[in-house]
Amino acid sequence: MNFATIISELQFKASRSSGPGGQHVNKTSSRVSVFFELENSTGLSEEEKLRLQTKLKSNLTNEGVLVLHCETSRSQHKNKELVIEKLKATLKKALQKEKKRVPTKRTKASVYKRLESKKKQASKKESRKKPEY
């Protein structure tokens with residue numbers, strides 16, 4: 001992943017934010033949206049594109065564009081920096097390979113504890129029965 005190339009491919013759009021700012025919020029466009037087209041990116045390999053499409057499919061539009069927003073700050077420039085960091089973190093997390101889980105053997109203590117709880121539950125149920133004559 002070449003992030004410098006990816007940054008040059010990003011498209012930004014500013015819109016009105018619902019964040020803090022009072023009357024100032026009604027006049028300025030401080031919310032920043034970033035649009036990243038996965039298919040046309042030259043900063044990603046084909047394997048990385050496939051992995052991102054599967055991992056981020058809920059965040060992609062029908063055209064395959066990743067859209068992220070940031071409106072935490074009152075400053076448009078600060079929100080632009082934050083949304084770039086958010087994009088970087090999202091891409092890194094999606095490209096990270098998951099470790100394969102190695103199943104472990106149950107301990108003797110856990111087996112004993114499970115059997116004891118089963119015996120306790122069985123005796124509780126047994127005590128609720130009507131007595132036989």
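# Charges and core: how the labels are earned

Mentor: Lys119 forms a salt bridge with Glu116, with 3.8 Å between the closest N and O atoms. Keep in mind that this is a predicted model.

Trainee: Why is the contact between Lys119 and Glu116 called a salt bridge?

Mentor: The rule asks for a side-chain nitrogen of Lys or Arg within 4 Å of a carboxyl oxygen of Asp or Glu. Here the closest N and O atoms are 3.8 Å apart, so the label applies.

Trainee: What separates Lys119 and Glu116 along helix α4?

Mentor: About one helical turn, because they are three residues apart in helix α4.

Trainee: Which of the terms buried, partly exposed or exposed fits Lys119, and which fits Glu116?

Mentor: Exposed means over 50% relative accessible area, and partly exposed runs from 20% up to that mark. Lys119 has 54%, so Lys119 is exposed. Glu116 has 33%, so Glu116 is partly exposed.

Trainee: How many salt bridges does this rule give?

Mentor: Four. One of them joins Lys55 and Glu98, with the closest N and O atoms 3.1 Å apart.

Trainee: What makes the Lys55 and Glu98 pair a link between distant parts of the chain?

Mentor: The two are 43 residues apart. Lys55 sits in helix α2, residues 46-55. Glu98 lies in the loop between α3 and α4. Lys55 is partly exposed at 37%, while Glu98 is exposed at 68%.

Trainee: How do you know that Lys129 and Glu126 form a salt bridge?

Mentor: Their N to O distance is 3.7 Å. The limit is 4 Å, so the pair counts. Lys129 is exposed, at 53% relative accessible area.

Trainee: Where does positive charge gather on the surface?

Mentor: In a patch made of Lys120, Lys124, Lys125 and Arg128. Arg128 is in the segment after α4, which spans 108-127.

Trainee: Why is Arg128 called exposed?

Mentor: Its relative accessibility is 59%. Exposed starts over 50%, so Arg128 qualifies.

Trainee: Now the interior. How many residues does the largest nonpolar core have?

Mentor: It has 20 residues. Those with the most contacts inside it are Ile6, Phe36, Leu52, Leu66, Leu87 and Leu91. The elements giving two or more residues are α1, β2, β3 and α3.

Trainee: Which element gives the largest share?

Mentor: That is α3, with six residues.

Trainee: What makes a core residue count as buried?

Mentor: A relative accessible area under 20%. Core membership also needs side-chain atoms within 4.5 Å.

Definitions and conventions: Residues are numbered from 1 along each chain as its sequence is written. This is a predicted model: local features need pLDDT of at least 70, side-chain atom pairs count only at pLDDT 80 or more; totals for chains, interfaces and linings use all residues. Side-chain values use heavy atoms; hydrogens and water are left out. Patches are made of residues with over 30% relative accessible area and no salt bridge: like charges are joined within 9 Å, nonpolar side chains (Val, Leu, Ile, Met, Phe, Trp, Tyr) within 5 Å. Accessible areas come from the Shrake-Rupley method with a 1.4 Å probe; for residues, only the protein chains shown count as cover. Lys and Arg count as positive and Asp and Glu as negative; His and the chain ends are not counted. The place of a charge is taken as NZ of Lys, CZ of Arg, CG of Asp or CD of Glu. Helices (H or I, at least four residues) and strands (E, at least two) are DSSP runs, numbered from the N terminus. Buried means under 20% relative accessible area, exposed over 50%, partly exposed in between (1.4 Å probe, protein chains only).
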